[in-house]
Amino acid sequence: MRIETQCLREGYTPKNGEPKALPIYQSTTYKYDSSEHIGKLFDLSEAGHIYSRLSNPTVDAVEKKLAALEGGVGALCTTSGQAATLFALLNICSAGDEFISVSEIYGGSVNLFAVQLKRYGITCKFVSAKDDEETIQKAFTSKTKAVFGEMIANPALCVLDVEKFAKIAHKNGVPLIVDNTFATPVLCRPFEWGADIIVHSTSKYMDGHALQIGGVLIDSGNFDWEKYPEKFNGLTTPDDSYHGLVYTKQFGKAAYITKARVQLMRDIGAYPGAMNAFLLNVGLETLALRMERYCQNALAVAQFLQSRPEVEFVNYPALKGSSDYELTQKYLPKGASGVISFSLKGNKQTAVKFIDSLKLAINEVHVADICTCILHPATSTHRQLTPQQLKGAGITEGLVRLSVGLEHIDDILEDLENGFNSIK
Ligand SMILES: *Cc1c(COP(=O)(O)O)cnc(C)c1O
């Protein structure tokens, strides 16, 4: 099946006389014929639902769809994108370990890596997406367990050279984890370029309608954990909490994703409810169609902004002349999603006046919504930063983040035109 068809048809296939729509199994528990059967479920010798902190039939169908969309062996849904990123790392890192992350990533991930995980004794070393291999190599030590990067960085909007990072991760015997939230598998499938693990915030384009917060962790099944048994001993040595089961022996290619569910999710508990999975599935059904239009509208808006004298610069990787234009052609030939940032000449007040004068674009702390939405980072998400820190993060006073939606392009452009008139 092509991706448009997969979005609609993977995961749930009703049999004769069954509901056409994915049923919402709103149940915490499951009924069995015998205690013996329950015992087998707890030994993981038989597959089945035990308790909705670990799995649920509605969520399971959506996980199967998400795994298919990315071309992975399995997926685990989580209650947020943040939880998916946390699980991706905790599944292979423990106190004393290190991992390397590209610094051009989502601000919430920076906090999680630099502040929160540090409290647990896990150290993140940051490198720039633009660093050469020699510089990146210097960040590796014998304790490094993974490399992390973001396909299209939120909010920097630079494109990850997945092949470069996969090559250097593999040379050092560790997996590459990619946050593919903005690109979605419709625009890029990082496993095809060498990534081993993918995480998403499904709260963004996948849901699309701003209805649920969610995340997903997806395993390519390609990383050979047994090649480095000491480094990844959580996967290759007996787990006492399952009577000495060894994940790589019992589950083969699905070792990583199975451990994430039956061990981490069991102990931490961040599994979405059936209703949220149902809502996410409705969004996924039209994902391929929506991504096409987001990209088309955003490119037109980026070109319009570039032509305006009030605009200092425009960041949109698919725009000709953008510093990541070549990477975009390689990894994102269908487009670079709907998110643009641009800087207005002038100061904070100019940007705020422009934003507040818009009638169509919604002032909200979100991106990748079905509706066009807009935000002024310097007075909102990045409000606490000093002028020096703002500069370091590439955030000018006049910077505006615009997430182009699915309204008619002429309505979006007219709205922006009115905004420009208001700051004349
Ligand atoms: C929003 C976002 C996250 C965090 O996801 P939540 O669902 O809000 O927890 C992670 N990565 C990227 C790229 C995001 O845009």
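# Reading a predicted model together

Author: Let's start with the sheet. In this predicted model, seven strands form an open sheet in the order E1-E7-E6-E5-E4-E2-E3, with mixed pairing. Strand E1 (74-78) and strand E3 (123-127) are the edge strands, each pairing on one side only. Direction ignored, neighbouring strands of this sheet are turned by 20° against each other on average.

Reader: In which sense do strand E4 and strand E5 pair, and over how many bridges?

Author: Strand E4 (residues 144-150) and strand E5 (residues 176-179) pair in the parallel sense, over four bridges. To see one of them, find Glu150: its bridge partner in E5 is Asp179.

Reader: Which helix packs on the sheet and touches E2, E3, E4 and E5?

Author: That is helix H7 (residues 162-171), whose direction makes about 150° with that of E5. Helix H5 (residues 107-119) lies across strand E2 (98-102), E3 and E4, and runs at about 140° to E3. Follow the chain on to the loop between H5 and E3, and you meet Gly121. Gly121 counts as partly exposed because its relative accessibility is 31%. Leaving out residues up to four places away in sequence, Gly121 touches Ser94, Ala95, Gly96 and Asp97.

Reader: Now a helix, please. How should I think about its sides?

Author: Here is the general idea: an α-helix has 3.6 residues a turn, so residues three or four places apart point the same way. Now try helix H12 (residues 274-285), which has 12 residues. From first C-alpha to last, H12 reaches 17 Å, close to the 16 Å expected. Its buried residues are Ala274, Ala277, Leu280, Asn281, Gly283 and Leu284.

Reader: What covers the buried residues of H12?

Author: The cover includes helix H1 (3-9), helix H3 (57-70) and helix H13 (287-306).

Reader: And how do the side chains of a strand point?

Author: In a regular strand the side chains alternate between the two faces of the sheet. Strand E9 (residues 339-344) is a good place to look for this. Val339, Ser341 and Ser343 are on one side, Ile340, Phe342 and Leu344 on the other, and all are buried. Since six of its six residues are buried, E9 is largely enclosed by the rest of the structure.

Reader: Which strands pair with E9?

Author: Strand E8 (residues 311-315) is joined to E9 by four bridges, and the two run antiparallel. In that pair, Phe313 has Ser343 of E9 as its bridge partner. Strand E12 (residues 399-403) also pairs with E9 in the antiparallel sense, over five bridges. There, Val339 stands opposite Ser403.

Reader: How many salt bridges does the structure hold?

Author: There are 14. One of them joins Asp324 and Lys130, with the closest N and O atoms 3.0 Å apart. Asp324 is in the loop between E8 and helix H14 (325-331) and Lys130 in the loop between E3 and helix H6 (133-137), so the pair ties together parts 194 residues apart in sequence. Asp324 is buried, with a relative accessible area of 4%, whereas Lys130, at 47%, is partly exposed.

Reader: What about Glu70: which side chain of opposite charge is nearest?

Author: Arg189 is the nearest, 5.6 Å away. A salt bridge needs the nitrogen and oxygen within 4 Å. Glu70, found in helix H3, is buried yet has no salt bridge. Beyond its neighbours within four places in sequence, the contacts of Glu70 include Asn180, Pro185 and Arg189.

Conventions:
Residues numbered from 1 in each chain as written. Predicted model: local features only at pLDDT ≥ 70, side-chain atom pairs only at ≥ 80, totals over all residues. Heavy atoms only, no water. Expected span 1.5 Å × (residues − 1). Buried < 20%, exposed > 50% of the residue type's maximum accessible area, 1.4 Å probe, protein only. Contact = heavy atoms within 4.5 Å. Lys, Arg positive; Asp, Glu negative; His and termini not counted. Pairing = 2+ DSSP bridges. Axes fitted to C-alpha atoms, helices over the stretch in contact; angles between N-to-C directions.
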